[in-house]
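Student: I am new to this structure and would like a close look at a single part of it. Please choose one helix with the strands around it, and take me through it step by step.

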Amino acid sequence: MVSGAAGLRAGSAASTGGHRGLEGLGAPRAGGGTERGLCLQVPELEKATVRIRQPERVRGIIRSLREQGVTKLQVISDFDMTLSRFGCNGRRCPTSHNILDNSHVISEDGKKKLKDLLHYYYPIEIDPNRTLEEKRPLMWWAGAGAEHGNTALCNGHSCSRDGFKEFFDQLHKNNVPLFIFSAGVGDILEEIIRQANVFYSNVSVVSNYMDFNDDGVLTHFKGPLIHTYNKNNSVLQGTGYFQQLSTRTSIILLGDSIGDLTMADGVPSVENILKIGFLNDKVEERRGKYLDSYDIVLESDETLDVVNGILRYILTET
Ligand SMILES: [Mg+2]
């Protein structure tokens, strides 16, 4: 079959913010033609939420992932606002402020302190004019704190992206390891996964876990705190997780923040990596940066349709 290269318009749109949907990955349907390149296999890439800066490259990666096959594949994903939704029923998912206000496990004094921390640190965390090097030493609590609310108040299915169960099911059925690396609260996100009945044996979670005293009050988090800017090998040392999977050289990485891009840094030998980024907020402002960083950018897309479509294509027996 024809490759669909005629449809590639790389270069023309690259400088203006990436290709939209089908435009980059398949040939246009000019004259009612039937050739639509990769979009024929992954029709979800036609969605209007999809933006790709280098379509030809992305097409190559997806084909390689499929050629390498299921035994080479692993998925590394963020949780909050990546597998969970950014908005719920037309409203934004609750923020950390809500969870701190509503929480029964944190004392009033504790809530005030956390609020103060967030007011101070959150603007720094999202400041596009500061470098990662400037931010990293300051993020010891803010990253985790900001993510907590989103995980904690999103109960069960209501805040999982559409396609959540299918995503887990596909990976489980094909024995593809799924590594969830989260700066949120592990206890809570595990509960969300459990409630959806998809906490399968192929799922591993590294996150922040709460520790309570005898009165049931949250006293601290166990182990090194994971925040937005240390989601990399530095907190995985000693776990050996990626070493065990050293033959899994094909990676799909899912995230919603720039800090998520380092999640696969501990993988010993990466041959193919496809980075899919959810751009949930401040879309216009952040588009350029996301297109520079992620292979596929999903703008205000509350579903896992594109991810599931790509998985379906990769995991289908050839
Ligand atoms: Mg996130």
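Tutor: What follows is a walk through one helix, the strands beside it, and some places connected with them.

The model is a predicted one. The part to look at is helix H11, which covers residues 283-293. Three of its residues, Arg286, Tyr290 and Leu291, are buried. These three span an arc of only 145° around the axis, so they sit on the same side of H11. Glu285 and Asp292, on the other side of H11, are exposed.

The buried residues of H11 pack against three strands: S2 (50-52), S10 (272-279) and S11 (296-299). Two of these strands, S10 and S11, form a right-handed β-α-β unit together with H11. S10 and S11 pair in the parallel sense, over 4 bridges. One place to find this pairing is Gly277, whose bridge partner in S11 is Val297. S2 also pairs with S11, but in the antiparallel sense and over 2 bridges. Here Val50 has Leu298 of S11 as its bridge partner.

Strand S11 deserves a look of its own. In a regular strand, side chains alternate between the two faces of the sheet. In S11 both faces are covered. Ile296 and Leu298 are buried on one side, and Val297 and Glu299 are buried on the other.

Just past this strand is Ser300, in the loop between S11 and helix H12 (305-315). Its phi is near 45°, a positive value in a residue other than glycine. Most residues other than glycine have a negative phi. Ser300 is partly exposed, because 13 other C-beta atoms lie within 10 Å. Another residue of this kind is Met81, with a phi near 65°. Met81 is in the loop between strand S3 (73-77) and strand S4 (87-88). Met81 is buried, because 24 other C-beta atoms lie within 10 Å.

The surroundings of S11 can also be followed into the nonpolar core. The largest nonpolar core has 56 residues. Among the residues with the most contacts inside it are Ile296 and Leu298, along with Ile276 and Val307. Leaving aside neighbours within four places in sequence, Val307 is in contact with Phe167, Leu254 and Ile276.

Phe167 leads to a second helix, H8, where it is one of the buried residues. The others are Phe164, Phe168, Gln170 and Leu171. The buried residues of H8 cover an arc of only 160° around the axis, so they too are on the same side of their helix. They pack against S3, strand S6 (178-185) and H12.

Leu171 shows how H8 is connected to its surroundings. Leu171 is buried because it has 24 other C-beta atoms within 10 Å. Not counting residues up to four places away in sequence, Leu171 touches Val75, Val176, Leu178 and Asn202. Leu171 and Val75 are 96 residues apart in sequence, while their C-alpha atoms are 8.5 Å apart in space. After H8 comes Asn175, which has a positive phi, near 55°.

To return to the starting point, H11 has Arg286, Tyr290 and Leu291 buried, and those buried residues pack against S2, S10 and S11.

Definitions and conventions. Residues are numbered from 1 along each chain as its sequence is written. This is a predicted model: local features need pLDDT of at least 70, side-chain atom pairs count only at pLDDT 80 or more; totals for chains, interfaces and linings use all residues. A nonpolar core is a set of buried Ala, Val, Leu, Ile, Met, Phe, Trp, Tyr and Cys residues joined through C-beta atoms within 7 Å. A residue is buried if 20 or more other C-beta atoms lie within 10 Å of its own, exposed if 12 or fewer, and partly exposed in between; C-beta atoms are placed from the backbone. Two residues are in contact if their C-beta atoms, placed from the backbone, lie within 7 Å. The arc is that of the directions from the helix axis to the C-beta atoms. Two strands pair if DSSP finds at least two bridges between them. A crossover is right-handed if, with the strands pointing away from the viewer, the path from the first strand over the helix to the second runs clockwise.
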